[in-house]
Amino acid sequence: MSIINTKLKPFTTQAYHDGKFVTVSDADLKGKWSVFFFYPADFTFVCPT
């Protein structure tokens, strides 16, 4: 199932930009092309064997 060209649900989050943390929301991105990546497994233990 493709989720390309779908609308985002309202959100607010912290992002690191220009050396400081800023708050980003869906309203900041309205009318702009955006790409979001989410890698939940990157921060969990993975057995190396």
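What volume does the largest pocket have? The largest pocket comes to about 760 Å³. Its lining counts 17 residues, and Asn5, Thr6, Lys7, Leu8 and Ser34 are the closest to its centre. Sorted by type, the lining residues split into eight nonpolar, four polar and five charged.

A word on how that was worked out. A pocket here is an open set of points on a 1 Å grid over the protein atoms alone, with protein on both sides within 12 Å along at least five of seven lines, and a lining residue has an atom within 4 Å of a point. Volume is the space filled by probe spheres set on the points, which are joined across faces, edges and corners. Nonpolar covers Ala, Val, Leu, Ile, Met, Phe, Trp, Tyr, Cys and Pro; charged covers Asp, Glu, Lys and Arg; the others, Gly among them, are polar.

Keep in mind that this is a predicted model, with local features needing pLDDT of at least 70 and side-chain atom pairs pLDDT 80 or more, while totals for chains, interfaces and linings use all residues. Residues are numbered from 1 along each chain as its sequence is written, and side-chain values use heavy atoms, with hydrogens and water left out.

**The fold**

The protein chain has one helix and two strands, in the order β-β-α along the sequence. These are DSSP runs, numbered from the N terminus (helices H or I, at least four residues; strands E, at least two). Of the 49 residues in the protein chain, 4% are buried, where buried means under 20% relative accessible area, exposed over 50%, and partly exposed in between (1.4 Å probe, protein chains only). The accessible surface of the chain is about 5400 Å², and carbon and sulfur atoms account for 63% of that; the areas come from the Shrake-Rupley method with a 1.4 Å probe.

**The hairpin**

Strand β1 (residues 12-17) has six residues and zero of them are buried, so β1 lies largely in the open. β1 pairs with strand β2 (residues 20-25) in the antiparallel sense over six bridges; pairing takes at least two DSSP bridges between the strands. Within this ladder, Ala15 has Val22 in β2 as its bridge partner.

Two residues sit between the strands of the hairpin. Asp18 lies in that loop, and takes a positive phi of about 55° despite not being a glycine. For context, most residues other than glycine have a negative phi.

Which residues form the aromatic pair? The whole structure yields one such pair. Tyr16 and Phe21 form it, edge-to-face, at 5.1 Å centre to centre with 65° between the planes. Rings of Phe, Tyr and Trp (its six-membered ring) pair if their centres lie within 6.5 Å, with planes under 30 degrees apart called stacked, over 60 edge-to-face and the rest tilted.

**Exposed residues and two spacings**

Here are some exposed residues, with their relative accessible areas:

| Residue | Relative accessible area |
|---|---|
| Tyr16 | 57% |
| Phe21 | 61% |
| Asp18 | 69% |
| Lys9 | 70% |
| Lys30 | 72% |

The two lysines flank the secondary structure elements: Lys9 is in the segment before β1, and Lys30 is in the segment after α1 (26-29). Lys9 and Asp26 are 17 residues apart in sequence, with their C-alpha atoms 7.6 Å apart in space. For Lys30 and Leu8, 22 residues apart along the chain, the C-alpha separation is 9.5 Å. Leu8 also turns up among the residues closest to the centre of the largest pocket.

Definitions and conventions
1 Å grid on protein atoms, 1.4 Å probe; cavity = no way out; pocket = protein on both sides within 12 Å on 5 of 7 lines; lining within 4 Å.
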